[in-house]
Amino acid sequence: MSRPVSRPVNNVGSHRKVKPSPIAVYVHWPFCESKCPYCDFNIHVREAVDADAFTAAYLKELDHFAELVSGATCTSIFFGGGTPSLMPASAVAAIIERILKRWPAADLPEITLEANPTSVEASRFRDYRQAGVNRLSVGVQSLRDESLKMLGRGHDAAEARRAMHLALEIFARVNFDLIYARPGQTTTEWQGELEEVLGYGAGHLSLYQLTIERGTAFYAAQKRGELVVPDEDTALALYDLTQNVTTRAGLPAYEISNHARAGEECRHNLNYWNGGAYIGIGPGAHGRFGGFGAAPWLASSLPRSPERWLKAVDKADWGVGDLIRLSSRQRALEILMMGLRLASGIDKARFAAAAGVPVEEILSAAATARAAESQLLENHQDRIVVTPKGRRVLDRLLVEIVA
Amino acid sequence: MPAQKHIRNFAIIAHIDHGKSTLADRLIEACGGLSKREMKAQVLDSMDIERERGITIKAQTVRLDYQAKDGESYALNLIDTPGHVDFSYEVNRSLAACEGSLLVVDASQGVEAQTLANVYQALENNHEIITVLNKIDLPAAEPQRVRRQIEDVIGLDAADAIEVSAKTGQGIDRILEALVERLPAPAGKTEAPLRALLVDSWYDAYLGIVILVRVVDGYLKKGMKISMMAAGTQHLVEQVGVFRPKPQTVGQLGPGEVGFFTAAIKEVAQTRVGDTVTEAKRPTAEALPGFKPAQAVVFCGLFPVDADDYNHLRESLQRLRLNDASFTYQAETSAALGVGFRCGFLGMLHLEIIRERLQREFDLDLITTAPSVIYQIEMTNGQTIELHNPADMPEAVKIVQISEPWIDATILVPDEYLGAILKLCQDRRGRQQQLTYAGRRAMLVYHLPLNEVVYDFYDRLKSVSSGYASFDYTHHGYEPGDLVKLKILVNGEPVDALSMLVHRQHAASRGRVLCKRLKDLIPRMLFKIPIQAAIGGKIIARETIAALRKDVTAKCYGGDVTRKRKLLEKQKAGKKRMRTFGKVEIPNDAFVAALKMGED
């Protein structure tokens, strides 16, 4: 059972400081120009945003968490959203500077910013590079005009192509986000589109199957029968094709939806999947950190409303969200379900260190053996790996093997 | 103690919703049994389930002190009878305790099947019947038409039927007068040894086991040692009393009186409805006629969803049996469902009531298996065995013949639904005995196998007649039938809790329906699951649940962890509501849902 920690955060850390450890920092910029019909993220559309006020609040909240989780070493920063490419570059620079001041990095950390490919935003790419961003993740989503329109995107294919070129010109490390398994999409069409994207030579691709989430415009449209997504067989064919095409191109999947050339994997996200610690700041952001002596890990989450968050930070130096103690089982479950998403699977020694219990403790031995027999996973001495066949049904597999 | 000439004992016969309980309340109120403040709607139905369903499960009595127009004071004993076909024996015994009945018919609805069955029982008990047309205040009331119908269908003279409204109180005084004038007084022998009819019994938290009796001859006194003739037990009477409707002790109960006694009896099972109570040292020579031991006719398995609840279930069944000796239970082990109990009931409603009380009063989560009847199996070795559980069926080669119980069902239905009802009865292997009309209502008598009725016949009947059909039945005895055991295999493993006996002609279609149902009820797994129906070694129907091929979250980052973990925990908890067969999980509710044949 988890229970909220009722004490204010700064008291939690006042006498028990976190031992120095690597930490990732996520910064959530919750604003978008418009809401995409498939998106269920914490995003908000506002006429005007007081960027200065928000920047000041981010810095304040960073200081607050730095007090709580002091002595750690920053290994990566990620500006996500929302649309962080709507942030002034100066704000990005100030936040990076503050993070590195609070959690000094031994090596240069990976600093990623998510950007939309509209011409206005692309015009800021160079400024972000200047501000310290060293990896750009471009929300291309598609290179087909009709698809971009269907997905409610603010750019067209020509803009996307220009932005992709520009990103690759400015940044050494670039990712392109794409959405497939769109209504009516065939394998032939998707193969053409995917190969075109691969032709740009970026080192990293995030290729997401379109998922209809509750509460989105697509969800309502699907209920009304106006939106029909590919059936299971087609979705599977598209997924398999994606694996084959990217592997051939030298960017195999290292996670369910993420593909990279060797060494180009996103360190920030790997930290999530490996069960590492991270700080999340900004409206609706989540964090995981712990290790106050023998104390358990904490899960932090901040208010989703930007205005509420801003007000709270103004008054209390942080968004005054929830700080929940994670039980050892919860923690182990999280690391398990995140770790098995990786093609490299779970390193048992690392799991035991991060979760405090051996992985076998939360697995049903019988179900795991059955899954191994069915070639859905491989249970080695030192690691557990879900096979490509098992990864297609990972959600269900997890329900099966968890004890 | 009133003299016999000042006693009238009566029951009320009415269909559900025809206003029996409201009428009883009015009569109690008119005789000052309870103050207005104490009148809770429907005084006599005391269990929650009784109130909710508008039915009476236990018989209850109330003594009304009535000052009649002739200037004399009368004790009117109302015996409220159970109101459902499952309890027809109990109804019959309650009626045997009275000299007359009020036949209450809704003046806007007319006679229903259940009313009819009970009127016949009352006539068999030589009752004087006073007809009452209730709900006369409703605009839809048609007293003339309903009078004619009572004459046509039941054959009673309805000319002097009393028109009342239990709701407004109109006509209540006329009923009270009619009870005094038209019902015969009891004619018991005061000098004879005690002879009293055991009408019902129950457990009361304050009084212990309370036994409701109608004294026929002699006297029942406090301190008397009595003997129960059928049960063969003796007890010392501790208290004697009457209900008005609150219990009130009296010194003794004389001939013709209705009341209760307590005698430090431990279990209701020792008190049998219909038994004769007599004095131990001066017993009557002859027991009252009509006693029958309670006989369960419908059986099903009750299994705890959580195996850890087994002991709790056993204790709960024990507790319930304290108050209702008419159901039986014995431990049962199912390969599919683990340990539980095979329980026997008087009928489907009785089954539902017990199950509901277990869930509600004892907070148990239960899996109920398909209801079954008792089959008689003639074996090749000359023995005849009773089969209560299809899972226990002997091998086909050892069986000479299987017989199944049949019933005579009486169904009353407006004629526009007659076609649908005939089809339903035909589909259930029914044989039509009689079809008559009374106005626009048809009365059907059908000969039906009980095993076709126990599943969902009543639900189907209600659904195809938009709720207008009414139904009652009597047991008819056993007949040989071409019955086979239909087995269900999930992923090659037989699921004993889903096996059933069916008529050979119906086996294929029922097997198909079952397989299809299960296909929808069992969640897809990581491998394909064949579902088969078989008779012996022969597969007669098959469906396949396709393997789950794609089920993975596309995006899962730092902000998604909590939500995904909670979903996983929820799915994991959901697995607890399933039973594992080999590699397959079957949701608990599938066992009952699969057997609802109706909609296909």
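Which helix of chain B holds both Arg360(B) and Glu356(B)? Helix 8 (residues 348-361) of chain B holds the pair, as the first legend shows. The model is predicted.

**View 1. A salt bridge within helix 8 of chain B.** Arg360(B) and Glu356(B) join their side chains in a salt bridge, at 2.5 Å from N to O. Both residues lie in helix 8 of chain B. They sit 4 residues apart, about one turn of the helix. Arg360(B) counts as partly exposed, because its relative accessibility is 39%, and the partly exposed class runs between 20% and 50%.

**View 2. A salt bridge within helix 1 of chain B.** Here the partners are Glu29(B) and Arg26(B). Their side chains meet in a salt bridge of 3.2 Å, N to O. Both residues belong to helix 1 of chain B. The spacing is 3 residues, about one turn of the helix. Glu29(B) has 23% relative accessibility, so Glu29(B) counts as partly exposed.

**View 3. A buried salt bridge between strand 3 and helix 1 of chain B.** Asp80(B) and Lys20(B) form this salt bridge through their side chains, with 3.1 Å from N to O. The pair links distant parts of the chain. Asp80(B) is in strand 3 (residues 73-80) of chain B. Lys20(B) is in helix 1 (residues 20-30) of chain B. The two residues are 60 residues apart. Asp80(B) is buried, and Lys20(B) is buried too. Over all chains, the salt bridges number 45.

**View 4. Chain A as a whole.** Chain A has 403 residues, and 56% of them count as buried. Its secondary structure consists of 17 helices and 15 strands. Take the contacts in chain A between residues at least 6 apart in sequence: 70% of these join residues at least 24 apart. Chain A exposes about 16,400 Å². Carbon and sulfur atoms supply 51% of that area.

**View 5. The contact between chain A and chain B.** Chain A brings 43 residues to the contact, and chain B brings 27 residues. Together the chains bury about 3,300 Å² between them. Of this area, 59% is on carbon and sulfur atoms. In chain A, Glu232(A), Arg396(A) and Val399(A) lose the most area to chain B. These residues together account for 20% of what the chain A side buries.

**View 6. Polar links across the interface.** Between chain A and chain B, 19 residue pairs are in polar contact. The interface also has 4 salt bridges. Asp233(A) forms a salt bridge with Arg549(B). Their closest N and O atoms are 2.3 Å apart. Elsewhere, a network of salt bridges links Arg288(A), Glu334(A), Arg565(B) and Glu569(B).

**View 7. The elements of chain A that touch chain B.** Several elements of chain A each supply at least two residues to the side that touches chain B. Among them are strand 6 (204-209) and strand 10 (286-289). Helix 10 (232-248), helix 11 (267-273) and helix 13 (328-339) are also included. So is helix 17 (394-401) of chain A. Helix 17 of chain A gives the largest share of this side, 7 residues. By class, the side of chain A that touches chain B has 21 nonpolar, 8 polar and 14 charged residues.

Notes: Residues numbered from 1 in each chain as written. Chains lettered and ligands numbered in written order. Predicted model: local features only at pLDDT ≥ 70, side-chain atom pairs only at ≥ 80, totals over all residues. Heavy atoms only, no water. Buried < 20%, exposed > 50% of the residue type's maximum accessible area, 1.4 Å probe, protein only. Contact = heavy atoms within 4.5 Å. Areas by Shrake-Rupley, 256 points an atom, 1.4 Å probe, with all protein chains shown as cover. Buried area = accessible area lost by both parts, 1.4 Å probe. Polar contact = N/O pair within 3.5 Å; in protein donor to acceptor, adjacent residues only side chain to side chain. Nonpolar A, V, L, I, M, F, W, Y, C, P; charged D, E, K, R; others polar.
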